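Student: Could we look at this protein together? I would like to learn how the descriptive words are chosen.

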Amino acid sequence: MKLVYTGKTKDVFALDNGNYLLKFKDDCTGKDGVFDPGENSVGLTIDGVGDVNLRMSIYFFEKVNAAGIKTHYVSADLDNTTMEVLPAKVFGKGLEVICRHKAVGSFFRRYSDYIQEGADLPAYVEMTFKNDEKGDPLVTKDGLVALGVMTEKQYEDMKLMTQKITKIVADDLLEKGLVLYDIKFEFGYDSEGNVMLIDEIASGNMRVYKDGEYVDPMTLSKLFFA
């Protein structure tokens, strides 16, 4: 294996068969020791979070694949906290896609003049460039197309896939008495330009509440797999 990328929460290795291996770590995004999926830097380390993130990713990737939505997931090895994935190119230098059911976090901070905190949102999708120095700037569909990052079709495919995947996750959580407020995804594309879900689907990338109270990632994973 050859290390090709060191990320905040995962390292990426190239495999001999042309696929890649993701090694999940125990680091989480946040600020001042408090977890926040919307932050753009590692804020804390939680022992065992890599393992539970992988377990949840396996669970949801298999569900998403079964729903006919294209992902990069191939297989996983829980003993080594790794996941084998198909090769995919990222959009631009990396793009994060957030789907919001509630007005919280950075969305509320930006638009608090127009909406109450915690108000319902209609599976609202927004995209940001992964750029720590610039604070992960928001980018519109027109911007992405004008900058040559993606085509209009790729944008529309990604938005629709995001909403479908979010519904799969939210419905599953709701069965366990958990309410999804928002979730962050990453997408890439294959050699033919087809959009696919990449990265992970884990508690560290979602904001979830139970009985009106925020549920931290480790507690969420424990509740989810209870």
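**Reading the fold**

Tutor: Gladly! In the protein chain, 55% of the contacts with a separation of 6 or more are between residues 24 or more positions apart. Keep in mind that this is a predicted model.

Student: What helices and strands does the protein chain have?

Tutor: There are five helices and 16 strands.

Student: How do you know that the radius of gyration agrees with a compact globule?

Tutor: For 226 residues, a compact globule would have a radius of gyration near 17 Å; the protein chain has 17 Å, so the two agree. Its C-alpha atoms fill a box of roughly 50 × 45 × 35 Å along the principal axes.

Student: What share of the residues is buried?

Tutor: Buried residues are 48% of the 226, where buried means under 20% relative accessible area.

Student: Why are helix 1 and helix 5 called oblique to each other?

Tutor: Two packed helices are described by the angle and the distance between their axes. The axes of helix 1 (residues 49-66) and helix 5 (residues 217-224) come within 10 Å and cross at roughly 50 degrees. Angles under 35 degrees count as roughly parallel, and 65 to 115 as roughly perpendicular. The angle of roughly 50 degrees fits neither range, so the pair is oblique. The crossing is left-handed.

Student: Which residues meet there?

Tutor: Val49, Val52, Met56, Tyr59 and Phe60 of helix 1 meet Met218, Leu220, Ser221 and Phe224 of helix 5. Eight residues of this contact are nonpolar, one is polar and none is charged.

Conventions. Residues numbered from 1 in each chain as written. Predicted model: local features only at pLDDT ≥ 70, side-chain atom pairs only at ≥ 80, totals over all residues. Heavy atoms only, no water. Axes fitted to C-alpha atoms, helices over the stretch in contact; angles between N-to-C directions. Helix = DSSP H or I, 4+ residues; strand = E, 2+ residues; numbered from the N terminus. Parallel < 35°, antiparallel > 145°, perpendicular 65-115°, else oblique. Left-handed = near helix turned anticlockwise from the far one by under 90°. Contact = heavy atoms within 4.5 Å. Nonpolar A, V, L, I, M, F, W, Y, C, P; charged D, E, K, R; others polar. Rg over C-alpha atoms; globule rule 2.2 N^0.38 Å. Buried < 20%, exposed > 50% of the residue type's maximum accessible area, 1.4 Å probe, protein only.
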